[in-house]
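The following exercises concern a single protein chain. Please examine the sequence and the model before reading the solutions.

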Amino acid sequence: MDRYARWNALLELLTDTGRVSVEDAAARLDVSQATIRRDFDQLAQQQMITRTRGGAVANGVSYDLPLRYKTAKHSAEKQRIGAAAAALVAPGMVVGLNGGTTTTEVARGLAVRPDLNSSADGAQLTVVTNALNIANELLVRSRMKIVVAGGVVRPQSFELVGPLGGALLREVTLDVALLGVDAIDVQLGAAAHHEGEASMNNLMVARAKRVVIIADSSKLGGHAFARICPIERVETLVTDSGADPATVQAFRDAGVSVVCA
């Protein structure tokens with residue numbers, strides 16, 4: 001396991017437990033205690049954790065980990081979800097995409113579809129996004145038209161937030177918004193941890209004919225600080241096959257079409 005994979009595992013462990021000792025972390029990751037001490041020291045320098053005598057505790061930031069530390073979590077499920085969500089897009093559409101690891105997989109799924117990259121018949125796909133990393137993914141791997149909403153960069157997610165981006169989003173119309181979320185619940189709707197991201201996502205919802213929520217099964221039935229939209233606004237939920245059948249049925253009973261990838 002390389003350093004970044006260990007850091008990812010340690011941060012996830014701290015997010016789940018709140019506190020972990022050097023001894024326990026070394027045993028779980030099958031590395032030396034000296035290695036764990038160095039990892040803890042380096043993560044503490046980045047203000048990702050708080051170092052304690054013999055271990056570490058989670059900082060508040062661990063609840064909303066930067067994107068670079070999330071890439072390994074549920075990665076196989078997210079790749080399947082990304083491919084399934086990309087399959088919902090037709091040539092010539094205008095598609096809204098927000099930031100996050102799962103929507104990054106959606107972008108990759110769009111980029112490898114040759115029918116979406118051809119503009120010979122005027123059916124070029126247009127992607128509107130507020131995420132710098134997703135714009136870059138598509139820019140280097142496709143010939144799609146890419147529109148980036150302005151704003152202030154949020155380092156945790158590479159998303160642009162604030163009124164500058166909102167001004168652009170209010171002037172466009174989306175055929176479909178493909179939105180990654182931090183949580184989605186039948187009663188509470190779709191939500192994000194950060195209010196700025198939720199606000200931008202809400203604008204995409206307002207400008208979209210259809211709303212598709214992209215969420216692995218760990219996000220279902222959860223809650224987060226800022227609501228993006230009510231469940232009534234969601235047409236389709238794309239999740240993974242590990243989703244609880246009763247939870248999936250609850251979404252279907254609420255009128256949401258559910259795709260389990």
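Four exercises follow, each with a worked solution.

The model is predicted: local features need pLDDT of at least 70, side-chain atom pairs count only at pLDDT 80 or more, and totals for chains, interfaces and linings use all residues. Residues are numbered from 1 along each chain as its sequence is written, and side-chain values use heavy atoms, with hydrogens and water left out.

**Exercise 1. The chain as a whole**

Determine the secondary structure content of the protein chain and state how its radius of gyration stands to the globule rule.

Solution. Begin with the helices (H or I, at least four residues) and strands (E, at least two), which are DSSP runs numbered from the N terminus. The protein chain has 10 helices and 15 strands. Next, take the radius of gyration over C-alpha atoms; the globule rule is 2.2 Å times the number of residues to the power 0.38. The radius of gyration is 19 Å, close to the 18 Å that the rule gives for 261 residues, so the chain is as compact as a globular protein of that length. Along its principal axes, the C-alpha trace spans about 60 × 40 × 35 Å. Finally, consider burial, where buried means under 20% relative accessible area, exposed over 50% and partly exposed in between (1.4 Å probe, protein chains only). Buried residues account for 50% of the 261 residues.

**Exercise 2. Helix 1**

Identify the buried residues of helix 1 and the elements against which they pack.

Solution. First, establish the extent of the helix: residues 3-17 form helix 1, with 15 residues. Its span from first to last C-alpha is 21 Å, close to the expected 21 Å, the expectation being 1.5 Å times one less than the number of residues. Second, list the buried positions: Arg6, Trp7, Asn8, Leu10, Leu11, Glu12, Leu13 and Leu14. Third, find their neighbours: these residues pack against strand 1 (19-21), helix 2 (22-29), helix 3 (33-45), strand 2 (49-52) and strand 3 (55-58). Just after the helix, Gly18 adopts a positive phi of about 85°.

**Exercise 3. Salt bridges**

Locate the salt-bridge partners of Arg51 and Arg154, and decide whether the residues of each pair are buried or partly exposed.

Solution. Apply the criterion first: a side-chain nitrogen of Lys or Arg lies within 4 Å of a carboxyl oxygen of Asp or Glu. A search of the whole structure yields 9 salt bridges. Arg51 pairs with Asp41, with the closest N and O atoms 2.9 Å apart. Arg51 lies in strand 2 and Asp41 in helix 3, so this pair ties together parts that are 10 residues apart in sequence. Arg51 is partly exposed at 30% relative accessibility, and Asp41 is partly exposed at 37%.

Turn next to Arg154, whose partner is Glu197, the closest N and O atoms being 2.7 Å apart. This pair links strand 7 (residues 152-154) with helix 9 (residues 195-206), 43 residues apart. Both Arg154 and Glu197 are buried.

**Exercise 4. Strand 14 and its neighbours**

Describe the pairing of strand 14 and the burial of its two faces.

Solution. Start with the faces of strand 14 (residues 236-239): Thr236 and Val238 on one side, and Leu237 and Thr239 on the other, are all buried. Then examine pairing, which requires at least two DSSP bridges between two strands. Strand 12 (residues 208-214) runs parallel to strand 14 and is joined to it by 3 bridges; Ile213 stands opposite Leu237. Strand 15 (residues 257-260) is also parallel to strand 14, with 4 bridges, and Cys260 in strand 15 is the bridge partner of Thr239. To conclude, strand 14, helix 10 (residues 245-253) and strand 15 make a right-handed β-α-β unit: with the strands pointing away from the viewer, the path from the first strand over the helix to the second runs clockwise.

Conventions
Contact = heavy atoms within 4.5 Å.
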